[in-house]
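Biologist: I have a protein to look at with you today. Could you show it to me, please?

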Amino acid sequence: NCLYRAWKRTHRFPRFGPDTKFRSVLSLHHEAFTVLPRPDSGIERFADIKGKRINVGNRGSGYRATVTLVFRALGWQLADFPAVREAGTADQSQMLCDNRVDATMFTIGHPNLAVADAIDTCKAHLVPVEGERIARMVSETPYLDPTVIRAGLYRGQTGAIVTFGPTATLVTTADLLPETVYD
């Protein structure tokens, strides 16, 4: 997301035109768009979050940008939710446990300690993020791919969770010597 926008010089990077010196070294891992609702929220699929109290992530974060992209694809607006929090990853589990939000969303690699903490401490669960509009959004967005959160990564998770996300990528600049990148 940020790499794509920096390459194209869009969003927060428009001032200087495209930056053609970026070079991808290797892909590291998928970062899955992850939705964690409280057990008493009534949220069993992604569409169920509409009208609930949510955390969308702090402004400027990659996962906030992903939430914005998803909402746009579904025709949703923040005004469709009675309470919208903008907390970062460190505060999400506590917000769920304290009943300040019904669900939190973020983009992250799995397994993840913040996810495990929310599941273990507040009995949160993972929900799939799928459907025709999501599939279309993913196919039209060059930096997103379908992915799954494998079964058994978290306590009580018996099945794989279908979702999408970017791939974490190690990048460099064309100005760096190839031998240095190799080393």
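Modeller: This is a predicted model. Of the 183 residues in the protein, 41% are buried.

Biologist: How many helices and strands does the secondary structure come to?

Modeller: The protein has six helices and eight strands. Along the sequence they follow the pattern α-β-β-β-α-β-α-β-α-α-β-β-β-α.

Biologist: And what share of the contacts join residues at least 24 apart in sequence?

Modeller: If one takes the contacts between residues at least 6 apart in sequence, 71% of them join residues at least 24 apart.

Biologist: Let us turn to the cysteines. How many disulfides does the structure hold?

Modeller: There is one disulfide in the structure. The partners are C97 and C122, with their sulfur atoms 1.9 Å apart. A pair of cysteine sulfur atoms within 2.5 Å counts as a disulfide, so this pair qualifies.

Biologist: Is the link of C97 and C122 left-handed or right-handed?

Modeller: The link is left-handed, with -75° about the S-S bond.

Biologist: Which parts does that pair tie together?

Modeller: C97 belongs to helix 3, which covers residues 89-97, and C122 belongs to helix 4, residues 113-122, so the disulfide ties together parts that are 25 residues apart in sequence.

Biologist: Is C122 buried or exposed?

Modeller: C122 counts as buried, at 10% relative accessibility. Its partner C97 is partly exposed, with a relative accessible area of 26%. The cut-off for buried is under 20%, so C122 falls below that limit.

Biologist: Next topic: charged pairs. How many salt bridges does the count come to?

Modeller: The count is eight salt bridges. One of them joins R45 and D48, at 3.6 Å from N to O. Another joins E86 and R59, whose closest N and O atoms are 3.2 Å apart.

Biologist: Where do E86 and R59 lie?

Modeller: E86 is in the loop between strand 4 (83-85) and helix 3, while R59 is in the loop between strand 3 (53-55) and helix 2 (62-74), so this salt bridge ties together parts that are 27 residues apart in sequence. R59 is exposed, with a relative accessible area of 65%, whereas E86 is partly exposed at 35% relative accessibility.

Biologist: What about R136 and E132, how far apart are their closest N and O atoms?

Modeller: Those atoms are 3.2 Å apart, and the two residues form a salt bridge. Both residues are in helix 5 (residues 132-140), four residues apart, which is a separation of about one helical turn. R136 is partly exposed, with a relative accessible area of 39%, and E132 is exposed at 63% relative accessibility.

Biologist: Which residues are joined into one network by salt bridges that share partners?

Modeller: The network consists of R59, R64 and E86.

Biologist: Now for empty space inside. How many cavities of 30 Å³ or more does a search of the whole structure find?

Modeller: The search finds one such cavity. The largest cavity holds about 30 Å³ of space.

Biologist: Which residues line the largest cavity?

Modeller: Its lining is made up of L36, T89, Q92, S93, L96, T104, F106, A114 and A118. By class, five of these are nonpolar, four are polar and none is charged.

Biologist: And which element supplies the largest share of that lining?

Modeller: Helix 3 supplies the largest share, four residues. Helix 3, strand 5 (103-108) and helix 4 each contribute at least two residues to the lining.

Methods
Residues numbered from 1 in each chain as written. Predicted model: local features only at pLDDT ≥ 70, side-chain atom pairs only at ≥ 80, totals over all residues. Heavy atoms only, no water. Buried < 20%, exposed > 50% of the residue type's maximum accessible area, 1.4 Å probe, protein only. Salt bridge = Lys/Arg side-chain N within 4 Å of Asp/Glu carboxyl O. 1 Å grid on protein atoms, 1.4 Å probe; cavity = no way out; pocket = protein on both sides within 12 Å on 5 of 7 lines; lining within 4 Å. Points joined across faces, edges and corners; volume = space filled by probe spheres on them. Nonpolar A, V, L, I, M, F, W, Y, C, P; charged D, E, K, R; others polar. Contact = heavy atoms within 4.5 Å.
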